[in-house]
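This report is meant for a reader meeting the structure for the first time. Please keep the sequence and the model side by side while reading.

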Amino acid sequence: MAMDTEVATDFEVVIGLEVHAQLLTKSKMFCTCSTDYANAAPNTHVCPVCMGMPGVLPVINQGAVAYTIMTALSLNCTIPEYSKFDRKNYPYPDLMKGYQISQYDIPLSKNGYLLIEYEGQARRIGIQQELGVKTEIKNMNSFRSVERALAYEAQRQVELLRAGIPIQQETRGWVETKGITVAQRSKEYAHDYRYFPEPDLPPLIINRAWVEELRAQLPELPDARRARYMDEYGLSAQDANVLTEEKALGDYFEQVVAASQASDRWTRAKAAANLVINDVVRLLKANSISVEESPLPPAASANLLDLLARGRITGRQGKEVLEEAFASGKMPETVVQEKGIEPPISDQGALERIIEEVITNNAKVVSDYRAGKTNALQYLIGQVMKQTRGQAKADSVRTILITKLDETPPA
Ligand SMILES: [Zn+2]
């Protein structure tokens, strides 16, 4: 990924990211051991194959190959006709066989790119094998650390180059507390993995028809989904971005729109986007719950939107109903019934009388308002809301109040 930095206008900073991702397969890559080991006791999800006992043979997990190819297709990679596995030799305390089966020179996919949007501009992140002389930084535990380490390292290298000192190819560690990178191993001491073709596995011939089958099984990818949300639901680019960052969140949003009945599609979508982005996400975060486990299912969010759209509850009551529905898992309409929330005051005459009363009883605040104190208006709105026990719509109160204040002559 090429990016501009503020520190150097005469250098181009090229950054490669090594990303480790674990595929959601049921069993391991080369044996039948379960991958569900997160809470398992040590040495319970191992077998002679993964321990590399004499006489055993690994078997390639077809599901893992399928997921790898699907990931590669999503990233616009090319899939070779032929791929092979290689042995990467190194001693490590939890690797008793002393090697890993990896891929060295003919991996399952190569090249490819990912398009992202940055500050309103489309950027292309290329997927490449190797860079030139480079330093590798390890030990970053958060996206924030990655950003800080990269900025530090770019600056460090610029300073070296300006001083005429060549960059050493080496591995450097990020020291979080000091905000610096320090040399860990230079090339001289780098591992020699002695890669060689894995003798226990045949080369993999990748059937073209199978690749096309896998391509057809790909879910809608974020880019396509983002464009569709703007096109089909009339969402802003910003809302579409937020809702497509995580598949489950986008799914939730679409289920809300589908279940909601009020208004036209675009109005419904806009209301659903606001509710999901501002309220549902906030409540989920505050309770450390994922959207899939939300106690407020899409149907409940849709129900809340319909109550609001029909004018059955005010926006202010909506917030209260939402909190309660989220906490109890009840449908918003049930919450409204159980709490005995009366329909908003739709009788304009009744609302006007209450407002006139508030104006009469708050002469001091009214004169403050006329003297230009803007928070006086807020206070008066608050008084009306209190009188109506929150059953008036805040925007109607505001409009009527301003009209009355302007037409009532100062006492
Ligand atoms: Zn095993």
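Cys47 touches both Cys31 and Cys33, when residues up to four places away in sequence are left out of the count. In this predicted model, Cys47 and Cys33 are separated by 14 residues in sequence, while their C-alpha atoms are 6.8 Å apart in space. Cys47 belongs to the loop between β2 (13–14) and α1 (62–74), and because 13 or more neighbours would be needed to leave the exposed class, its 12 C-beta neighbours inside 10 Å make Cys47 count as exposed.

**Division of the chain**

The chain is divided into four parts: domain 1 (1–129 + 194–218), domain 2 (135–186), domain 3 (222–339) and domain 4 (348–405). Between the C-alpha centres of domain 2 and domain 3 the distance is 43 Å.

**Strands and their pairing**

Strands of a sheet pair through backbone hydrogen bonds, in either a parallel or an antiparallel sense. Three strands form an open sheet in the order β5-β4-β11, and their pairing is antiparallel. Its edge strands are β5 (99–102) and β11 (196–197), each of which pairs on one side only. Two bridges link strand β4 (residues 86–89) to β11 in the antiparallel sense, and Asp86 stands opposite Pro197 in β11.

Strand β6 (residues 113–118) pairs with β7 over six bridges, again in the antiparallel sense, with Tyr118 standing opposite Gln121 in β7. These two strands, β6 and β7, form a hairpin with two residues between them, and in the turn Glu119 has a positive phi of about 50°. Is strand β7 (residues 121–126) buried or in the open? Of its six residues the number buried is zero, so strand β7 lies largely in the open.

The parallel case is found in strand β8 (residues 135–138) and strand β9 (residues 170–175), which are joined by four bridges. Lys138 has Gly173 as its bridge partner in β9. From β8 the chain crosses through helix α2 (residues 143–162) to β9, and the handedness of this β-α-β crossover is left-handed. The length of α2 can be checked against expectation: at 1.5 Å a residue, its 20 residues should span 28 Å, and the distance of 29 Å between its end C-alpha atoms agrees with this. After α2 comes Gly164, whose phi is positive, near 80°.

**Residues with positive phi outside glycine**

Two loop residues that are not glycines have a positive phi, and they are set side by side here.

| Residue | Phi | Loop | C-beta neighbours inside 10 Å | Class |
|---|---|---|---|---|
| Asn111 | about 55° | between β5 and β6 | 13 | partly exposed |
| Arg194 | about 45° | between β10 (180–186) and β11 | 10 | exposed |

Asn111 counts as partly exposed because it has 13 C-beta neighbours inside 10 Å, whereas Arg194, with 10 such neighbours, counts as exposed.

**Helices and nonpolar cores**

The description now turns to buried residues. In helix α5 (residues 237–244), the buried residues are Asp239, Ala240, Val242, Leu243 and Thr244, and what covers the buried residues of α5 includes α4 (222–233), α6 (247–259) and α7 (265–286).

Which residues have the most contacts inside the largest nonpolar core? This core has 33 residues, and those with the most contacts inside it are Leu243, Phe253, Ala272, Val276, Leu304 and Ala325. Two or more residues each are given to this core by α4, α5, α6, α7, α8 (298–309), α9 (315–328) and α10 (332–338), and the largest share, eight residues, comes from α7. Apart from its neighbours within four places in sequence, Phe253 is in contact with Leu243, Ala272, Ala273 and Val276. There is also a second, separate core of 11 residues, which includes Val358, Val366, Val397 and Leu401.

Key:
Residues are numbered from 1 along each chain as its sequence is written. This is a predicted model: local features need pLDDT of at least 70, side-chain atom pairs count only at pLDDT 80 or more; totals for chains, interfaces and linings use all residues. A residue is buried if 20 or more other C-beta atoms lie within 10 Å of its own, exposed if 12 or fewer, and partly exposed in between; C-beta atoms are placed from the backbone. Two strands pair if DSSP finds at least two bridges between them. Domain bounds come from an automatic or database domain assignment. Two residues are in contact if their C-beta atoms, placed from the backbone, lie within 7 Å. A crossover is right-handed if, with the strands pointing away from the viewer, the path from the first strand over the helix to the second runs clockwise. A nonpolar core is a set of buried Ala, Val, Leu, Ile, Met, Phe, Trp, Tyr and Cys residues joined through C-beta atoms within 7 Å. The expected span of a helix is 1.5 Å times one less than its number of residues.
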